[in-house]
Amino acid sequence: MGRSVSYPSGALVAYQGLAIDDEDEWEFALEWLRDDLIAQARRAFPSLEPHDGWRGREDRILLRNGYADFGLSIYGGLAAVWIVERDDSPYHEADLRRPLHELAQHWLGSIAGRFDDLFGAYVCLGHMSNGEGVYRKRH
């Protein structure tokens, strides 16, 4: 069974292609992509701060604010850049003291268009029966 690039459930997702011809350049290209995404996201959304973590085994958190995790997932030559409401113990504990879910959803909704404009080079058209995603370049 095939599969597509991973991302956390409920995330805003934008896709970018990775054109890495030489296997020896993979780590360098990935590091450059991470650094570039971090710089762009921090300029666009100043409340995001560096955070090194994971959501599951495949979704790497690069930045975080009080409401959301911003991250990157890679599969083959495709990168999923995503932002999603936090799902960690400190967030859930804070949510019990002061409800954050509605605020987080409002913030994510307010940045959705800008997020897609900044990070979306490809659009997911759908998935085949074997799980493989079909993408086209954005106009």
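**View 1. Leu-118 in helix α3 of the predicted model.** Leu-118 is found in helix α3, in a structure that is a predicted model rather than an experimental one. With a relative accessible area of 32%, Leu-118 counts as partly exposed. When its neighbours within four places in sequence are left aside, the residues in contact with Leu-118 are Gln-40, Ala-44 and Phe-45. One of these, Gln-40, lies 78 residues from Leu-118 in sequence, while the C-alpha atoms of the two are 7.9 Å apart in space.

**View 2. The kink and the buried residues of helix α3.** Helix α3 has a kink of about 45°, which is centred on Ala-112. The buried residues of this helix are Ala-104, Trp-107, Leu-108, Ile-111, Phe-115 and Phe-119. An α-helix has 3.6 residues a turn, so residues three or four places apart point the same way. The cover over the buried residues of α3 includes strand β1 (12-17), helix α1 (26-44), strand β4 (68-75), strand β5 and helix α2.

**View 3. The salt bridge between Arg-138 and Asp-116.** The side chains of Arg-138 and Asp-116 meet in a salt bridge, with an N to O distance of 3.5 Å. This pair links distant parts of the chain, given that Arg-138 belongs to the segment after β7 (133-137) and Asp-116 to helix α3 (residues 101-119), with their positions 22 residues apart in sequence. Arg-138 is partly exposed at 27% relative accessibility, and Asp-116 is likewise partly exposed, with a relative accessible area of 31%.

**View 4. The salt bridge between Arg-64 and Asp-88, and the network around it.** Arg-64 forms a salt bridge with Asp-88, in which the closest N and O atoms are 3.3 Å apart. Distant parts of the chain are linked by this pair: Arg-64 is in strand β3 (residues 59-64), whereas Asp-88 is in the loop between β5 (78-85) and α2 (89-97), and the two are 24 residues apart. Arg-64 counts as buried because its relative accessibility of 15% is under the 20% cut-off, and Asp-88, at 14%, counts as buried on the same ground. Both residues also belong to a network of salt bridges that links Arg-55, Arg-64, Asp-69, Arg-86 and Asp-88. The count of salt bridges in the model comes to 8.

**View 5. Asp-52, Gly-53 and Arg-60.** Asp-52 and Arg-60 form a salt bridge, their closest N and O atoms being 3.2 Å apart. Asp-52 is exposed, with a relative accessible area of 61%, whereas Arg-60 is partly exposed, with a relative accessible area of 23%. Gly-53 is found in strand β2 (residues 49-55) and is buried, its relative accessible area being 11%. Not counting residues up to four places away in sequence, Gly-53 touches Asp-59, Arg-60 and Ile-61. The C-alpha atoms of Gly-53 and Leu-63, which are 10 residues apart along the chain, are separated by 8.8 Å.

**View 6. The largest pocket and its lining.** The largest pocket of the model has a volume of about 180 Å³. Its lining is made up of Trp-26, Leu-30, Arg-34, Trp-54, Glu-58, Arg-60, Leu-72, Ser-73 and Ile-74. Helix α1 and strand β4 each supply at least two residues of this lining. Arg-60, one of the lining residues, is also the partner of Asp-52 in the salt bridge of the preceding view.

**View 7. Tyr-75 in strand β4.** Tyr-75 has its place in strand β4, and with a relative accessible area of 34% this residue is partly exposed. The C-alpha atoms of Tyr-75 and Val-5 are separated by 4.8 Å, although the two residues are 70 residues apart along the chain.

**View 8. Confidence of the prediction along the chain.** The mean pLDDT of the protein chain is 89, and 98% of its residues reach 70 or more. Among the elements of the chain, strand β6 (residues 122-127) has the lowest mean pLDDT, at 78, and strand β3 has the highest, at 97. Where pLDDT is low, the predicted coordinates should not be read in detail.

How values were computed
Residues are numbered from 1 along each chain as its sequence is written. This is a predicted model: local features need pLDDT of at least 70, side-chain atom pairs count only at pLDDT 80 or more; totals for chains, interfaces and linings use all residues. Side-chain values use heavy atoms; hydrogens and water are left out. A salt bridge is a side-chain nitrogen of Lys or Arg within 4 Å of a carboxyl oxygen of Asp or Glu. Buried means under 20% relative accessible area, exposed over 50%, partly exposed in between (1.4 Å probe, protein chains only). Helices (H or I, at least four residues) and strands (E, at least two) are DSSP runs, numbered from the N terminus. The bend at a residue is the angle between axes fitted to the seven residues ending there and the seven starting there. Contact means heavy atoms within 4.5 Å. pLDDT is the predictor's confidence in each residue, from 0 to 100. On a 1 Å grid over the protein atoms alone, a cavity is a set of points where a 1.4 Å probe fits but cannot get out, and a pocket is an open set with protein on both sides within 12 Å along at least five of seven lines; lining residues have an atom within 4 Å of a point. Grid points are joined across faces, edges and corners, and a volume is the space filled by probe spheres set on the points.
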